[in-house]
Amino acid sequence: MELHRSTCIVTGAASGIGRAVAERLTRAGARVIAVDRDAAGLATLAAAATLVADVTDPETPAALAATGGVTSLVNAAGIIRLTALDDVSEDDWDATFAVNARAPFFLTQAVGRILPSGGAVVNVASGAGKTGATVEAAVYSATKAAVLSMTRTFAAAWARRGVRVNAVCPGVIETPMNETVLEGIASIRGVPREQVELARNAAIPMGRPAAPGEVADVVAFLLSDESGYMTGQSINVTGGTITY
Ligand code: NAD
């Protein structure tokens, strides 16, 4: 893929999907600026540049927009809190929306507007943003639905300047966040973690979760010129679980 002349900011690059994206793009020859609040995680990542930053810090969007020569942005930083629906607090709502929805909106606003024609943004949303089906993840699912909406709006706004904005909707991906999900659901439902894992995997048509690299490959495609006529899309990487 023609990524060797690109400079890409990747948030959430210390772990999981963001890390796999940073590694995938670096392998493809891109100059990656890896951003995360986890300094220790970033320290073990081979990237052109690293920045320890919290995406919810109001100064982060301007700081990243001031980086020279950026051609693309991947918003992968995210959090999840598993909570019984009756117990969801306003703090759960505010904290989760701050990282998963407000931050990618203002990062896209700040960085996206300085991207050159041919530039691209990829938001890491979730299948949960389409289905809302995990009852212990109501707030998380709502943040991801918001990400799908903002993806469409920015895509419409910037299509004529040649800047594309797409989203990926991963399903079950083997990362630390997935462990949080399995343990959180098991605890709330009072069942063994293994039971939750078996049920989740059995619901996947392909019968298995994905490795983070399988999402990174799709992100790399959406950043490349090979997807040059795609914008405003929400691409499922779910092993067949979601088909719309
Ligand atoms: P992860 O926990 O492995 O990685 C998330 C990264 O985001 C961490 O390095 C963390 O430090 C960073 N981060 C969190 N809050 C931050 C903040 N305020 N500022 C800077 N960095 C911050 O999780 P993951 O599974 O790799 O998730 C990556 C993205 O993929 C998330 O947006 C998540 O919602 C999405 N996703 C994951 C799955 C899955 O099954 N793992 C499924 C669908 C979508």
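This passage covers the ligand site, a second pocket and the salt bridges of a predicted model.

Local features here need pLDDT of at least 70, and side-chain atom pairs count only at pLDDT 80 or more, while totals for chains, interfaces and linings use all residues. Residues are numbered from 1 along each chain as its sequence is written, and side-chain values use heavy atoms, with hydrogens and water left out.

Starting with the ligand, its shell holds 28 residues, each with a heavy atom within 4 Å of the molecule. Ser15, Ile17, Asp36, Tyr140 and Thr175 sit closest. By type, the shell splits into 16 nonpolar, seven polar and five charged residues. Helices α1 (16–27), α6 (138–158) and α7 (176–189) each contribute at least two residues to the shell; helices are DSSP runs of H or I, at least four residues, numbered from the N terminus.

As for N and O atoms around the ligand, a side-chain N or O atom of Thr175 lies 2.5 Å from a ligand oxygen, and one in the side chain of Tyr140 is 2.6 Å from a ligand oxygen. Gly171 brings a backbone N or O atom to 3.3 Å from an oxygen of the ligand. The protein buries 93% of the 830 Å² that the ligand exposes when taken alone (Shrake-Rupley areas, 1.4 Å probe).

Turning to the salt bridges (a side-chain nitrogen of Lys or Arg within 4 Å of a carboxyl oxygen of Asp or Glu), the structure holds nine. One of them pairs Arg24 with Asp217, with 2.8 Å between the closest N and O atoms. This pair ties together distant parts of the chain, 193 residues apart: Arg24 belongs to helix α1 and Asp217 to helix α9 (residues 212–223).

Terms used:
Polar contact = N/O pair within 3.5 Å; in protein donor to acceptor, adjacent residues only side chain to side chain. Nonpolar A, V, L, I, M, F, W, Y, C, P; charged D, E, K, R; others polar.
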